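Take a look at the chain below. The questions that follow go from the whole fold to single residues.

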Amino acid sequence: MARVTGPDPDDRPAADRDPAEVGVGPWPGGPDAWPDDPRYDPELLAHGDRRNVADRYRYWTVEAVVADLDTRRHPFHVAIENWAHDLNIGSVVRTANAFNAAGVHVVGRRRWNRRGAMVTDRYLHVHHHAAVEDLLAWAATAGPGGVALPVLGVDNVPGSVPLDGYDLPRECVLLFGQESAGLSDAARDGAEAVLHIDQYGSTRSINAGAAAAIAMHAWAVRHAGPPPES
């Protein structure tokens, strides 16, 4: 089904628009002008779509957006340990949405701080594993045809190898530890390799959310190709 593209619902001159406004207003012309497409949400068509979504998804229901993303998910997963309600998890989830990861796996506590995710978790498949061993057991048969997905830890620890130049596999799990503590012993022991991000300043490590973004971008540069049009 072709994507329906409508007119700019906000035809005011740019100088008259509130810079704080995001998204688009109601579909112009009222209900009689609404597109005949089940992917469109009548509430959004009537009241406007102020969500932080790409233009191609304006006015679509959440379910329609997820279904479209599912047709082109990238075959890497992101996992993060959650032993102390790490505030970075929301940021990691938001970045995983930006790179259209196949799934996000929260390891440890089931509850996590969703504020930083900015509701992007609605467009992802988020899974929970009570312990690192459970994540590893899942990964052992989660690859194509039931083969193992390699689990790659990301942390600046002795014995780690540089992310830059590492032959990242197309199907894999990128595993991150919580802020300050880094990867747990169980995560380091269970990972196929532990990768670090080269740094040039005085700090020993960088924010876990930033590290996750760098690692996902490194995967995308190698495997993703150009992104879809906005």
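**Fold, sheet and pocket**

Q: How many helices and strands are there in the chain?
A: This is a predicted model. Read along the sequence, its pattern is α-α-β-α-β-β-α-β-β-β-α-β-α. The chain has six helices and seven strands.

Q: What pLDDT does the chain average?
A: Confidence drops in one stretch: pLDDT stays under 50 over residues 1-17. For those residues the model has 27 contacts beyond four places in sequence. Across the chain, 91% of the residues score at least 70. The average pLDDT is 91.

Q: What share of the residues in the chain is buried?
A: The C-alpha trace spans about 65 × 45 × 35 Å along its principal axes. The chain has 230 residues. Buried residues make up 42%.

Q: What share of the contacts with a separation of 6 or more comes from residues 24 or more positions apart?
A: A contact here means heavy atoms within 4.5 Å. Among contacts with a separation of 6 or more, take the pairs 24 or more positions apart. Their share is 63%.

Q: Which strands are the edge strands of the sheet?
A: Seven strands form an open sheet, and the pairing is parallel. Their order is 3-2-1-6-4-7-5. An edge strand pairs on one side only. That holds for strand 3 and strand 5 (161-162).

Q: Is strand 2 enclosed or open to the outside, and how many of its residues are buried?
A: Strand 2 covers residues 101-108. Seven bridges join strand 1 (residues 74-82) to strand 2. Four more bridges join strand 2 to strand 3 (residues 126-129). Strand 2 is largely enclosed by the rest of the structure, because the number of its eight residues that are buried is eight.

Q: Which residue is the bridge partner of valine 106?
A: Strand 2 and strand 3 run parallel. On the side of strand 1, valine 78 stands opposite valine 104 in strand 2. For valine 106, the partner lies in strand 3. The partner is histidine 128.

Q: Which residue in strand 6 is the bridge partner of glycine 153?
A: Strand 4 (residues 151-154) and strand 6 (residues 172-176) run parallel. Four bridges join them. The partner of glycine 153 is leucine 175.

Q: What handedness has the β-α-β unit of strand 1, helix 3 and strand 2?
A: The two strands run parallel. Helix 3 (residues 89-98) belongs to the unit along with them. The unit is right-handed.

Q: Is valine 93 buried or exposed?
A: Valine 93 sits in helix 3. It touches Val104, Trp112, Ala117, Thr120, Asp121 and Leu124, leaving aside residues up to four places away in sequence. Under 20% relative accessible area counts as buried. Valine 93 has 0% relative accessibility, so it counts as buried.

Q: What distance separates the C-alpha atoms of valine 93 and isoleucine 80?
A: The two residues are 13 residues apart along the chain. Their C-alpha atoms are separated by 9.4 Å.

Q: Which element gives the most to the lining of the largest pocket?
A: The largest pocket has a volume of about 750 Å³. Of its 25 lining residues, the closest to its centre are Arg56, Leu69, Asn97, Ala98 and Phe99. Two elements give two or more residues to the lining, helix 2 (62-70) and helix 3. With three residues, the one that gives the most is helix 3.

Key:
Residues are numbered from 1 along each chain as its sequence is written. This is a predicted model: local features need pLDDT of at least 70, side-chain atom pairs count only at pLDDT 80 or more; totals for chains, interfaces and linings use all residues. Side-chain values use heavy atoms; hydrogens and water are left out. pLDDT is the predictor's confidence in each residue, from 0 to 100. Buried means under 20% relative accessible area, exposed over 50%, partly exposed in between (1.4 Å probe, protein chains only). Two strands pair if DSSP finds at least two bridges between them. A crossover is right-handed if, with the strands pointing away from the viewer, the path from the first strand over the helix to the second runs clockwise. On a 1 Å grid over the protein atoms alone, a cavity is a set of points where a 1.4 Å probe fits but cannot get out, and a pocket is an open set with protein on both sides within 12 Å along at least five of seven lines; lining residues have an atom within 4 Å of a point. Grid points are joined across faces, edges and corners, and a volume is the space filled by probe spheres set on the points.
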